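Here's a quick walk through one protein model, with a few spots to click on as you go. Have the sequence and the 3D view open side by side.

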Amino acid sequence: MTIKAIGFSGSLRKASTNSGLLRCAKANLPADMELEIVDISAIPFYNGDIAANDRPAVLIELLAKIAAADALVLACPEYNYSLAPALKNVIDWASREADNKVLNGKPVAILGAAGGMGSSRSQYHLRQVCVFVNLLPLAKPEVFANAFAGGFDANGNVTDEAISKNVAAQMVALQAWTKQLQK
């Protein structure tokens, strides 16, 4: 059975290293796994008035893709020692679906690139959010990449073999974690 994952990056820049990590993940998937990378830049900030009245088509489409996915891959940049608003916003929208049906019990891999400790603080905060919405994060391997110490080209693509191997190992682990949870 093919595991279908959806991935999105909290960084909206064209040359984002976090988006580069997602591209690296897609290029290093194990057999019988697919990853669709979704652009979340057009998703409006959560607003109860929009939620109750006229949801944009781009939001409806994203929520349907998340619901249909077997697993999530979240590229988590670090902004001011925490997670990026764009990433949190998608989780906020998805968590508002009836009975949390879009996120509840879904396996997730978290990876990220940032300065210093490579998004470790933001990933910690994201894991706290996962607890509340009952996403089930993969524990190991963790992927933290220092975006400013080399390892990425000018377009944000991964060029470091160690980072690529770590991302590939995480995708193998996500596939196994997803299959374990589906039993």
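## Starting at F144

Let's begin with F144, which sits in strand 8. Keep in mind that this is a predicted model. Is F144 buried, exposed or something in between? Its relative accessibility comes out at 34%, and since the partly exposed class runs between 20% and 50%, F144 counts as partly exposed.

Who are its neighbors? Leaving aside residues up to four places away in sequence, F144 touches G112, M117, G118, S119, S120 and Q123. Another pair to look at is F144 and I163: they are 19 residues apart along the chain, and their C-alpha atoms are 8.6 Å apart.

## Odd backbone spots

One of those F144 contacts, S119, deserves a second look. S119 is not a glycine, yet its phi is positive, near 75°. You'll find S119 in the loop that runs from strand 6 (107-114) to helix 5 (120-133). With a relative accessibility of 0%, S119 counts as buried, because the cut-off for that is under 20%.

Y81 is another non-glycine residue with a positive phi, this time about 70°. It lies in the loop between strand 4 (78-79) and strand 5 (82-83). Y81 has a relative accessible area of 53%, so it counts as exposed. Then there's the peptide bond between K140 and P141, which is cis, with omega at about -5°. P141 belongs to the loop linking strand 7 (136-137) and strand 8 (143-146). As background, most residues other than glycine have a negative phi, and most peptide bonds are trans.

## Two helices side by side

How do helix 4 (residues 85-95) and helix 5 pack? Their axes are 11 Å apart and make an angle of about 5°. That angle is under 35 degrees, so the two helices count as roughly parallel.

On the helix 4 side, L87, K88, I91 and S95 make the contact; L126, V129 and V133 meet them from helix 5. Sorted by type, the residues of this contact are five nonpolar, one polar and one charged.

## The N-terminal β-α-β unit

Finally, head to strand 1 (residues 3-9) and strand 2 (residues 33-37). These two run parallel and are joined by five bridges. To find one of the pairings, pick A5: its bridge partner in strand 2 is L35.

Add helix 1 (residues 17-27) to strand 1 and strand 2, and you have a β-α-β unit that is right-handed.

Methods: Residues are numbered from 1 along each chain as its sequence is written. This is a predicted model: local features need pLDDT of at least 70, side-chain atom pairs count only at pLDDT 80 or more; totals for chains, interfaces and linings use all residues. Side-chain values use heavy atoms; hydrogens and water are left out. Helices (H or I, at least four residues) and strands (E, at least two) are DSSP runs, numbered from the N terminus. Buried means under 20% relative accessible area, exposed over 50%, partly exposed in between (1.4 Å probe, protein chains only). Axes are lines fitted to C-alpha atoms, for helices over the stretch in contact, and angles run from 0 to 180 degrees between N-to-C directions. Angles under 35 degrees count as roughly parallel, over 145 as roughly antiparallel, 65 to 115 as roughly perpendicular and the rest as oblique. Contact means heavy atoms within 4.5 Å. Ala, Val, Leu, Ile, Met, Phe, Trp, Tyr, Cys and Pro count as nonpolar, Asp, Glu, Lys and Arg as charged, and the others, Gly among them, as polar. Two strands pair if DSSP finds at least two bridges between them. A crossover is right-handed if, with the strands pointing away from the viewer, the path from the first strand over the helix to the second runs clockwise.
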